[in-house]
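Hello,

Here is the structure I promised to pass on. Please open it first, then read my notes below.

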Amino acid sequence: MSGRKAKESKHHLLRIGQDHDQEVSDGFATNCCVVLLVILSVVLCVLTFPFSLIFMIRIIPEYQRAVLFRIGRIHQNEAKGPGVFFVLPCLDSLEVVDMRTISFDVPPQQILSKDSVPVHVDAVVYYRVDNPIISITNVVDVGRASRLLAQTQLQSILGGRTLAEILSSRDSIQQQLQQTLDEATEMWGAQVERVEFKDVRLPQTMQRAMAAEAEAAREARAKVVAAQGELNSARALKEAAEVISHSPTALKLRYLQTLNLIATEKSSSIIFPMPIDLAGLGAGLGGGLGNLYGPSEVI
């Protein structure tokens, strides 16, 4: 049994060695073909000079980078640009990547919140390509992939929030969505810079219910404020009455001030002031007659 295992391991090691030798020979043959094609392309460019410059010179602006593929492989593992560089005709191909910030609108999403309220949310996402080589080799279309990912993440995040949290915590939700998208698009060579909600729309019935609730709350606060004002006014009048009761002269001055205020107004009424002492004398006579004749005989 042990001899059989030793024979199998020996065959396995022999097979691995043969595969490695085959890969080395294939790589050597491929490198020889690449070198031969490069030499032929350079000779062709020299023979057709200066007309070959039209096909060799490439200019990349400051806001773009070019990923150069030579015979299907990325050349020197780095992006070209900005500026002028040369390519080999028939061997090199370019993929130009825009490095500026790009924005796209997330289509309106109908989301059911945690408390079972349907909400329509519109958002906008700002991103830019951070690594042009990865954005070309790891994903077909980084813009479309980011747009679809933003739609799914928006529904996932808002679906776990209540309506009150969506309306009151928009900044924290936007930051959470931005971090989630940034982590997911890192493998695509993109960086999400900002996520903003453009609009959060509620059903008409929910809007009317919230408006009625807010109106009732405002009316309740207004009634509380009015009652507090009445209480403060009553306290002030009580204190004024206590002060005036200890000083009869203050009552006379207040009486004269009231007459002066009425006289300044444009009115057709004629006011004849009656001395307060006379009113007090009348009240005293009335009290004396009541004591003399009894309550039922005083008219």
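Start at leucine 154. Leaving aside residues up to four places away in sequence, leucine 154 touches Val106, Gln109, Ile111, Val121, Ala123, Leu177 and Phe197. Keep in mind that this is a predicted model.

**Cores**

Leucine 154 belongs to the largest nonpolar core, which has 31 residues. Within this core, Val125, Leu154, Leu158, Leu181 and Phe197 touch the most other members. Which elements give two or more residues to this core? There are three strands and three helices to look for: S6 (102–112), S7 (118–129) and S8 (190–201), plus H4 (142–158), H5 (163–168) and H6 (170–185). H4 gives the largest share, seven residues. A second core lies apart from this one. The second core has five residues, including Ala66, Leu68, Phe85 and Val87. As background, nonpolar side chains in soluble globular proteins tend to be buried together.

**A nonpolar patch on the surface**

Not every nonpolar side chain here is in a core. Val35, Ile39, Val43 and Leu47 form a nonpolar patch on the surface. Together they have about 380 Å² of accessible area. Isoleucine 39 sits in helix H1, residues 2–47. Its relative accessibility is 47%, so isoleucine 39 counts as partly exposed.

**The open sheet**

Now the sheet. It is open, has three strands and runs in the order S3-S2-S5. The pairing is antiparallel. S3 (73–74) and S5 (92–98) are the edge strands. Each has a single partner strand, so one side of each has no neighbour in the sheet. How many bridges join S2 to S5? Seven bridges do, with S2 covering residues 64–70. One pair to look up is phenylalanine 69 and its bridge partner in S5, serine 93. In general, strands of a sheet pair through backbone hydrogen bonds.

**Salt bridges**

The whole structure holds eight salt bridges. Three of them are worth a look on screen.

- Aspartate 98 and arginine 100 meet through their side chains at 2.8 Å, N to O. Aspartate 98 is partly exposed, at 23% relative accessibility. Arginine 100 is partly exposed too, at 44%.
- Arginine 128 and aspartate 130 meet at 4.0 Å, N to O. Arginine 128 has a relative accessible area of 25% and is partly exposed. For aspartate 130 the value is 45%, again partly exposed.
- Arginine 201 pairs with aspartate 199, with the closest N and O atoms 3.4 Å apart. Arginine 201 is partly exposed at 34%. Aspartate 199 is partly exposed at 30%. This pair is part of a network: salt bridges that share partners join Asp122, Asp199 and Arg201.

The general point is simple: side chains of opposite charge can pair when their charged atoms come close.

**Two positive phi values**

Most residues other than glycine have a negative phi. Where do the exceptions I picked out sit: in loops or in strands? Both are in loops. Glutamine 76 is in the loop between S3 and strand S4 (83–86). Serine 116 is in the loop between S6 and S7. Phi of glutamine 76 is near 65°, a positive value. Phi of serine 116 is also near 65°. Their accessibility classes need a cut-off, because exposed means over 50% relative accessible area. At 49%, glutamine 76 counts as partly exposed. At 55%, serine 116 counts as exposed.

**The chain as a whole**

Some totals to finish. The protein chain has nine helices and eight strands. It has 299 residues, and 22% of them count as buried. Its accessible surface comes to about 21,300 Å². Carbon and sulfur atoms account for 59% of that surface. Take the contacts with a separation of 6 or more: 67% of them are between residues 24 or more positions apart.

Best wishes

How values were computed
Residues are numbered from 1 along each chain as its sequence is written. This is a predicted model: local features need pLDDT of at least 70, side-chain atom pairs count only at pLDDT 80 or more; totals for chains, interfaces and linings use all residues. Side-chain values use heavy atoms; hydrogens and water are left out. Two strands pair if DSSP finds at least two bridges between them. Helices (H or I, at least four residues) and strands (E, at least two) are DSSP runs, numbered from the N terminus. A nonpolar core is a set of buried Ala, Val, Leu, Ile, Met, Phe, Trp, Tyr and Cys residues joined through side-chain atoms within 4.5 Å. Buried means under 20% relative accessible area, exposed over 50%, partly exposed in between (1.4 Å probe, protein chains only). Contact means heavy atoms within 4.5 Å. Patches are made of residues with over 30% relative accessible area and no salt bridge: like charges are joined within 9 Å, nonpolar side chains (Val, Leu, Ile, Met, Phe, Trp, Tyr) within 5 Å. Accessible areas come from the Shrake-Rupley method with a 1.4 Å probe; for residues, only the protein chains shown count as cover.
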